[in-house]
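These are my notebook entries from a session spent looking things up in one structure. I went through the sheets, then the domains, and then a handful of single residues.

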Amino acid sequence: MSKFFTVRKVLTLFLVLSVIFAAFSAYYKIKYWGFDFRPNRTTKVWNIDANITFEPTGEPIRVSLGVPSSGDEFKILNEDIQARGYKVTKNTQENRVEFSSSAKEKSQNLYYRLTIYDNEDGNGKVREAKVATPRKPLYDEQQRQMAEEILTEAGKLQGSWPQKIIQIFNQEPMNPTLNAFLPVKMNQKQRADKIIELLAVKSIPARLARGVRLEEGKQAAEADLMMEAYDGNKWMLYDLNTGKEGLPKNFIIFQRGGTSLLDVSGGEDSKVRFSVLRSVVSSFKMAAHRSELNNYKIMFDYSIYNLPLLEQNTLKWLMVFPLGILIVVLMRNIVGIKTMGTFTPMLIAMSLVKTGFWAGLVSFSVIIAIGLLLRAVLSKLNLLLVPRISAVVIFVILIMQFMTIIGYRMNWSIASSAVFFPIIITAWIIERASITWEEEGAGNAVSEIFYSMVTAVVTYLVISNEYIRHITFAFDEINLVILFTVMLLGTYTGYRLTELKRFTPLAKGE
């Protein structure tokens, strides 16, 4: 008895360890490979094309474009540059792509394509070490007084200082002092520069930020201008039109700081325009890139998710088998249902998945019924065991053939579903039911067939669920939990649920 409890304790320990391992492994796949518990999970992938155009002036050409880098706001899947006749270099320190060439004559078109993903969680917060206090702008006495008056009026508004100053710049009608403080003709960049100047008066570091809104089908749009202000430990992004704090949805920053987005030497009338195209990629296809980005490529290379799709689809069905086996074990050892063999219900359930529930159920019932009648005829001939079973197998094949032909001629998909049932298993069920019928009576034979079908139906409802198939494949370590659960159930020697009614009088002392 002590040995029994020792085995149970060991199995319980392994079960607990397998649960911990499965939880850790699932967390790892979700965090570093992008897996999800939901099936058919996809990742939005955005293609951003930056088209640079300019007219050459006959001098050597040098073009510099500010480009983004991967961070918490998004991940870069691919970069592509089309610039025939240009030498291209990447300045990683300043996050710029530089093109250089000898003098050109015709109008120039350069393309920079960026493919990104995982941009939904960006919040517009960029953590950075302590930033130096900005130098206060040099104003004459009149400008200083106007700046102080503007800041006084802004202080009456709600929000942080960047939000207050942006709000006063967008008031309608505009504050008279502010109107006199600003240039007569002012573009968006000059307006942003004035806001940054006033923030410098309050000793708040601020800088420009240029980015692109990710809108599907967006064509030939200029970069959007925003502003970042430092709050003591991170840069916060602000909308220059509303003062709203944080990164807008589906927006990426292309360039930060006071330098221009595009610099062109040896050309004039330069412009950069952006086009955006969205595509959807399966999370499984993105897993390889995510693992490489997180320096876990080797672990992914030796996983089942790196196999060809044909092998993956086969393993996807194999991975759900242990769960079906667990159901059969529970039904037999805990519930106490007697079935035709140990795993016959599991095989029937797999056949129902292929045929469809009702079509498979009707086909199986017809085959078993006809097979039992034929088996009864064969029993009168007193055949030996092997020839008898062989004859039953041949009869089953002929029945399937007949049902398929009839089903085709009468357009019955139910009949044609018969070919998906395992022939040997079906013949064995017929033989087993016949022997039980002869030895234990018709009631026991019908009972075993009925409970086998009940168990098969329960198993089918579980393994045919798309969510369950996805989880057992994506998080295949759960099969370790199922393994030790099955082994632990093997140590159970208590009453089955179906025996409780039978032994109730004994438990009451009657």
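Entry 1, the model. I am working from a predicted model, and I kept that in mind for everything below.

Entry 2, the sheet that contains E13. I looked up the strand order and found an open sheet of four strands, running E3-E6-E1-E13 with antiparallel pairing. The edges are taken by strand E3 (75-82) and by E13, and because each of these has a single partner strand, one side of each is left without a neighbour in the sheet. From one strand to the next, the twist averages 15 degrees. For the pair made by E3 and strand E6 (residues 108-117), I noted an antiparallel arrangement over seven bridges, in which Glu79 stands opposite Leu114 in E6.

Entry 3, the helix on that sheet. Helix H6 (residues 283-293) packs on the sheet and touches strand E1 (42-56), E3, E6 and E13, with its direction making about 120 degrees with that of E13. I then asked which residues of H6 are buried, and the list reads Ser283, Met286, Ala287, Arg290 and Ser291. These residues cover an arc of only 145 degrees around the axis, so they lie on the same side of H6.

Entry 4, two residues of E13. Val276, which lies in strand E13 (residues 267-282), has a relative accessible area of 2% and is therefore buried, the limit being under 20%. I also checked its separation from Val212, a residue 64 positions away along the chain, and the C-alpha atoms of the two are separated by 8.7 Å. Asp269 lies in strand E13 as well, but Asp269 is exposed, with a relative accessible area of 56%. Although Asp269 is not a glycine, its phi is positive, at about 55 degrees.

Entry 5, the other sheet I looked up. Four strands form an open sheet in the order E4-E5-E2-E12, and the pairing is antiparallel. Here strand E4 (87-91) and strand E12 (262-265) stand at the edges, and since each has a single partner strand, one side of each is left without a neighbour in the sheet. Direction ignored, neighbouring strands of this sheet are turned by 15 degrees against each other on average. E4 pairs with strand E5 (residues 96-101) in the antiparallel sense over five bridges, and I noted that the bridge partner of Lys90 is Val97, in E5. In the loop between E4 and E5 I found Asn95, which has a positive phi of about 55 degrees although it is not a glycine. Asn95 counts as partly exposed, at 29% relative accessibility.

Entry 6, domains. The domain assignment gives domain 1 (133-204) and domain 2 (317-504), and I read off a distance of 79 Å between their C-alpha centres.

Entry 7, a cis peptide bond. The bond from Glu172 to Pro173 is cis, with omega near -5 degrees, and Pro173 has its place in the loop between helix H3 (161-169) and helix H4 (176-181).

Entry 8, Asn479. Is this residue buried or exposed? Asn479 is found in helix H16 (residues 478-489) and is buried, because its relative accessible area of 14% falls under the 20% limit. Leaving out residues up to four places away in sequence, Asn479 touches Met319 and Pro322, and the side chain of Asn479 reaches the backbone oxygen of Met319 at 3.4 Å.

Technical notes. Residues numbered from 1 in each chain as written. Predicted model: local features only at pLDDT ≥ 70, side-chain atom pairs only at ≥ 80, totals over all residues. Heavy atoms only, no water. Buried < 20%, exposed > 50% of the residue type's maximum accessible area, 1.4 Å probe, protein only. Polar contact = N/O pair within 3.5 Å; in protein donor to acceptor, adjacent residues only side chain to side chain. Contact = heavy atoms within 4.5 Å. Pairing = 2+ DSSP bridges. Axes fitted to C-alpha atoms, helices over the stretch in contact; angles between N-to-C directions. Arc of directions from axis to C-beta. Domains from an automatic or database assignment.
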